[in-house]
Amino acid sequence: MASEDIACKLQEPKGRRSPTPTGVNEETEKTDKKLFENLSGAGKAIGVLTSGGDAQGMNAAVRAVVRMGIYVGAKVYFIYEGYQGMVDGGNNIVEVTWDCVSSILQVGGTVIGSARCQAFRTREGRLQAAYNLIQKGITNLCVIGGDGSLTGANLFREEWSGLLDELAKNGKIDKEAVKKYAYLNIVGMVGSIDNDFCGTDMTIGTDSALHRIIEVVDAIMTTAQSHQRTFVLEVMGRHCGYLALVSALACGADWMFIPEYPPEEGWEKQLCLKLSENRANKKRLNIIIVAEGAIDIHNKPITSEQIKDLVVKQLGFDTRVTILGHVQRGGTPSAFDRILASRMGVDAVLALLEATPDTPACVVSLSGNQSVRLPLMECVHLTQEVQKAMDKRQFDEAVKLRGRSFENNLNAYKLLSQKKADGEIKKSNFNVAVMNVGAPAAGMNAAVRSAVRMGIIEGHKMFAVSNGFEGFSKGQIKEITWGGVGGWTGQGGSILGTKRTLPAKILDQIAEQMRSHNINALLVIGGFEAYLGLLELSAAREKYEEFCVPMVMVPATVSNNVPGSDFSIGADTALNTITDTCDRIKQSASGTKRRVFIIETMGGYCGYLASMGGLSAGADIAYIFEEQFDIRELQANVEHLTEKMKTSIQRGLVLRNENCNENYTTDFIYQLYSEEGKGVFDCRKNVLGHMQQGGAPSPFDRNFGTKISAKAVQWISRKLKESYRKGKVFANTDDSVCLLGMRTRSLVFQPVTELKNQTDFVHRIPKEQWWLKLRPLMKILAKYKISYDVSDSGQFEHVSGCTIQTES
């Protein structure tokens with residue numbers, strides 16, 4: 001097809017060349033790069049199947065495998081109904097085309113079906129499955145499922161040569177076939193809403209399930225407040241409490257029951273005491289979240305009905321039980337799950353292309369924001385060890401085996417959920433102020449709530465500053481209590497109020513307010529203005545002693561443009577808004593046909609929302625500032641869409657970052673496409689605007705804001721102790737003004753002065769941005785020819801306990 005010949009190479013942005021890493025010259029770097037165009041799938045056949053329980057995002061993974069496989073020249077086959085389809089053969093194993101996976105990105109469940117298969121558990125069943133695969137020439141399998149499905153795939157691989165010998169002995173295949181199809185390669189992707197697979201931070205479907213849970217909790221909260229009710233919410237998680245744990249964190253639940261962290265003896269009395277105290281403190285509703293597999297310390301089940309009966313009998317509270325059930329598996333996948341599944345699908349194909357007879361079956365996993373490959377059976381073994389630990393009542397060990405992500409969530413829950421009586425808290429005599437700066441971002445309120453409560457737990461007196469630095473200068477500062485932030489996690493925008501005003505021109509007034517309120521530390525939650533504000537306060541320390549206190553910033557902006565952090569609070573919510581809107585826009589074109597939509601996203605000069613929105617919505621192209629383009633590329637894109645209209649996929653989606661180019665505006669691109677597409681397609685344009693900043697925060701933003709702010713306050717506590725001398729706090733070193741950011745796989749404190757050389761201050765973006773590496777994925781999945789560096793993807797790592805180790 002002509003569209004495949006369109007060149008769409010990644011260009012180095014004009015005047016914005018990325019620096020070469022220290023100690024590596026450019027020639028060496030070019031040599032070390034491994035480009036996927038050197039990997040060929042010619043002559044190979046890949047089978048893709050989904051097995052076990054369905055999970056939102058499985059279709060995105062299937063789409064990525066199909067398109068990447070076809071892209072590299074391999075044949076790709078659907079295996080319908082999982083292992084059952086493999087055993088039955090016939091029309092259950094069908095070669096697919098590029099267009100076959102159009103319009104499935106946004107569909108929940110799995111379009112190729114999933115079924116339990118007893119036959120595959122027997123050698124006879126696997127023998128028949130091997131025969132059916134050989135008839136199609138399939139020796140590469142991509143399996144999307146849980147640990148049981150992946151264990152079955154590994155067993156199949158181990159038996160493969162023996163199965164072929166037996167087929168040859170029975171006269172079903174000849175010796176040439178045994179030689180030709182001697183090896184079976186297996187790559188797994190974990191699709192499970194429970195997030196119960198060790199070795200990956202997130203499994204496909206988990207984030208979407210959390211979206212369903214939080215939507216229900218938000219709806220329940222409004223009705224519960226009307227009637228002063230207690231709600232017991234049962235979520236999925238027979239063997240793993242991740243969904244219950246994270247949803248409890250994200251909604252500020254009063255109590256949580258999960259299998260890995262059973263309550264202590266006498267929990268019934270403690271639960272009733274806490275609920276009573278909350279009611280006495282004017283809290284109109286109580287939320288208790290229960291994993292379906294919740295147990296006590298004796299491994300006896302704790303059921304939602306049991307908890308309801310306890311509350312009614314002991315307290316007489318109006319109590320209702322809501323069991324979410326399969327609602328959690330349904331609905332459209334979230335932006336996170338679509339991007340995760342797309343990345344994993346592409347990497348799974350790369351892993352199959354690179355596999356040798358000596359390569360163990362691997363599973364494509366997520367660690368931080370990096371895709372990694374781990375030995376499948378190491379992960380399966382570790383997952384099984386969790387259950388063994390729980391059976392032995394070694395619950396601390398079970399939590400460690402679940403991995404870093406689970407453990408961090410549980411530690412945050414423990415810290416923030418157990419309010420101590422005033423007499424139990426040792427007062428620190430420090431005053432800590434918290435404020436929002438910059439544009440509002442969903443999740444800011446969750447971050448403030450977490451900071452306030454963690455500060456109170458640490459013994460500090462917490463002060464809330466309204467309306468950013470401007471409000472600070474005017475004395476809009478008041479003490480805020482534990483109950484003062486109740487119910488904030490699900491609120492969008494900024495309850496404290498936020499402004500973009502920088503402190504440079506009002507330093508005298510801010511210093512005066514810090515002195516009069518005796519502010520000993522400052523936590524700023526905001527975007528690029530917050531970063532600039534801390535730089536200005538840090539620079540003013542020579543003149544103002546009041547600013548010689550610990551100061552820390554937590555990034556919160558939909559633009560995700562703060563240096564020092566891969567993610568910012570609010571960006572995930574905005575991304576989901578863009579994705580949902582694109583879904584609706586694409587749906588509106590399903591009846592019209594031959595229509596191209598041009599959509600403008602926010603982000604300033606940062607192309608994160610446009611790029612990731614394009615990947616999650618299945619866009620044809622996304623124009624961003626970081627990747628400069630010219631009229632020739634615009635023309636090539638029009639030609640690409642013209643060719644696309646000749647296929648069965650007669651619609652196009654083009655995203656444009658608001659500041660990607662001062663001359664090629666949204667109106668210009670719309671007019672260009674309209675003119676050049678005359679007679680082939682017509683155009684529509686949409687400017688999403690401030691709707692991207694609004695709405696209830698996503699589970700990710702609530703959870704991220706909660707954990708990162710708690711960690712920031714703990715840092716403040718340490719710095720206050722270090723800098724307290726002779727009855728006063730004095731901190732003037734660079735490392736006492738920090739930004740706390742997510743860097744690759746961990747949360748890192750970085751002095752803001754050290755981040756200056758990583759910042760493009762003119763365009764208000766970091767000089768290097770990790771997500772630019774994912775840009776080619778969107779273009780590949782839209783059928784553009786493009787260069788793609790897969791050096792990182794090829795890393796094979798090992799999982800040991802809860803750590804992931806890179807293979808040297």
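Student: How many cavities of 30 Å³ or more does a search of the whole structure find?
Tutor: This is a predicted model, where local features need pLDDT of at least 70, side-chain atom pairs count only at pLDDT 80 or more, and totals for chains, interfaces and linings use all residues. Residues are numbered from 1 along each chain as its sequence is written, and side-chain values use heavy atoms, with hydrogens and water left out. A cavity here is a set of points, on a 1 Å grid over the protein atoms alone, where a 1.4 Å probe fits but cannot get out. With the 30 Å³ threshold, the search of the whole structure turns up 1 cavity.

Student: Which element gives the largest share of the lining of the largest cavity?
Tutor: The largest cavity has a volume of about 40 Å³, a volume being the space filled by probe spheres set on grid points joined across faces, edges and corners. Lining residues have an atom within 4 Å of a point, and among them are Ile-621, Tyr-623, Glu-633 and Lys-779. Two or more lining residues come from each of E18 and H24, helices (H or I, at least four residues) and strands (E, at least two) being DSSP runs numbered from the N terminus. The largest share, 3 residues, belongs to E18.

Student: Is H21 mostly covered or not, and how many of its residues are buried?
Tutor: Buried means under 20% relative accessible area, exposed over 50%, and partly exposed in between (1.4 Å probe, protein chains only). The buried residues of H21 include Glu-633, Leu-634 and Lys-644, and they pack against E17, E18, E19, H22 and H24, contact meaning heavy atoms within 4.5 Å. H21 is mostly covered, the buried count being 10 of its 14 residues.

Student: What does Lys-644 meet in a salt bridge?
Tutor: A salt bridge is a side-chain nitrogen of Lys or Arg within 4 Å of a carboxyl oxygen of Asp or Glu. Lys-644 is buried, and its partner is buried too. At 2.7 Å, N to O, the side chain that Lys-644 meets is that of Asp-620.

Student: Why does that pair tie together separate parts of the chain, and how many residues apart are they?
Tutor: Lys-644 sits in H21, residues 631–644, whereas Asp-620 is in the loop between H20 and E18. The pair therefore ties together parts whose separation in sequence is 24 residues.

Student: Arg-702 forms a salt bridge with which residue?
Tutor: Arg-702 is buried, with a relative accessible area of 1%, while its partner is partly exposed at 23%. Arg-702 lies in H23 and the partner in H7, so the pair ties together parts 484 residues apart in sequence. With the closest N and O atoms 2.6 Å apart, that partner is Asp-218.

Student: Which residue does Arg-338 meet in a salt bridge?
Tutor: Both side chains belong to buried residues, and the N to O distance is 2.5 Å. The pair links distant parts of the chain, H11 and H19, 245 residues apart. Arg-338's partner is Asp-583.

Student: In what sense do E23 and E24 pair?
Tutor: Two strands pair if DSSP finds at least two bridges between them, and E23 and E24 have 6. Met-742 stands opposite Leu-747 in E24, and in the hairpin, with 2 residues between the strands, Thr-744 takes a positive phi near 60°. E16 runs parallel to E23, joined by 3 bridges, but with E24 the sense is antiparallel.

Key
1 Å grid on protein atoms, 1.4 Å probe; cavity = no way out; pocket = protein on both sides within 12 Å on 5 of 7 lines; lining within 4 Å.
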